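Subject: Structure handover

Hello,

Here is the structure I promised to pass on. Please open it first, then read my notes below.

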Amino acid sequence: KNASDEYLPGDFGLRFGYPSDEAGQKRMQLAEIKNGRLAMIAIFGFAIQEFVYKQGVVDETPFFFFPLVESMHKYANSGYIQ
């Protein structure tokens with residue numbers, strides 16, 4: 001039996017919590033597709049934000065991409081936080 005025969009979309013070899021019944025596997029596959037679609041919409045939103053503000057998303061909202069302490073330190077030293 002080939003290892004690729006056992007592969008299912010959304011199954012990365014982590015068996016903990018992965019349903020063994022057909023309905024549960026279909027639900028997990030649908031959830032994986034929906035998660036991917038939501039991620040594509042989010043990236044599209046980032047692209048629109050960069051186009052409108054002419055500044056990168058990482059520069060516009062650094063608290064999403066860098067540790068909070070680092071972002072607060074940068075703002076405190078730039079005079080943004082009084």
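In which loop does K54 lie? K54 is in the loop between α1 and α2. I come back to this residue further down. Please keep in mind that the model is predicted.

**Overall picture**

The chain has three helices and zero strands. Read from the N terminus, the order of elements is α-α-α. The chain has 82 residues, and 12% of them count as buried. Its accessible surface comes to about 7100 Å². Carbon and sulfur atoms account for 64% of that surface.

**Helix α1**

Helix α1 covers residues 22-53, which makes 32 residues. Does its length fit the count, or what span should we expect? A helix is expected to span 1.5 Å times one less than its number of residues, so α1 should span 46 Å. The C-alpha atoms at its ends are 47 Å apart, which agrees with that expectation.

Some residues of α1 are buried: G24, Q25 and Q29. A47 also belongs to helix α1. Its relative accessibility is 41%, so A47 counts as partly exposed, a class that runs between 20% and 50%. Ten residues along the chain from A47 comes V57. The C-alpha atoms of A47 and V57 are separated by 8.2 Å.

**K54, just after α1**

Back to K54. This residue comes just after α1 and takes a positive phi of about 55°. K54 does so although it is not a glycine. Is K54 buried or exposed? Its relative accessibility is 65%, and the cut-off for exposed is over 50%, so K54 counts as exposed. Its side chain has a partner in F51. The charged end of K54 sits over the ring of F51, at 4.3 Å from the ring centre.

**The nonpolar patch**

Which residues make the nonpolar surface patch? They are I43, F46, V58, F63, F64, F65, F66, L68 and M72. The patch comes to about 860 Å². Two elements, α1 and α3 (68-78), give two or more residues to it.

One member of the patch is F63. F63 is found in the loop between α2 (57-60) and α3. With a relative accessibility of 41%, F63 falls between the 20% and 50% limits, so it counts as partly exposed.

**Aromatic rings**

How many aromatic pairs are there? The count comes to one.

**Where to look first**

I would start at the end of α1, with K54 over the ring of F51. Then turn to the nonpolar patch, including F63 and M72.

Best wishes

Key. Residues are numbered from 1 along each chain as its sequence is written. This is a predicted model: local features need pLDDT of at least 70, side-chain atom pairs count only at pLDDT 80 or more; totals for chains, interfaces and linings use all residues. Side-chain values use heavy atoms; hydrogens and water are left out. Helices (H or I, at least four residues) and strands (E, at least two) are DSSP runs, numbered from the N terminus. Buried means under 20% relative accessible area, exposed over 50%, partly exposed in between (1.4 Å probe, protein chains only). Patches are made of residues with over 30% relative accessible area and no salt bridge: like charges are joined within 9 Å, nonpolar side chains (Val, Leu, Ile, Met, Phe, Trp, Tyr) within 5 Å. Accessible areas come from the Shrake-Rupley method with a 1.4 Å probe; for residues, only the protein chains shown count as cover. A salt bridge is a side-chain nitrogen of Lys or Arg within 4 Å of a carboxyl oxygen of Asp or Glu. Rings of Phe, Tyr and Trp (its six-membered ring) pair if their centres lie within 6.5 Å; planes under 30 degrees apart count as stacked, over 60 as edge-to-face and the rest as tilted. A charge sits over a ring if NZ of Lys or CZ of Arg is within 6 Å of the ring centre and within 35 degrees of the ring normal.
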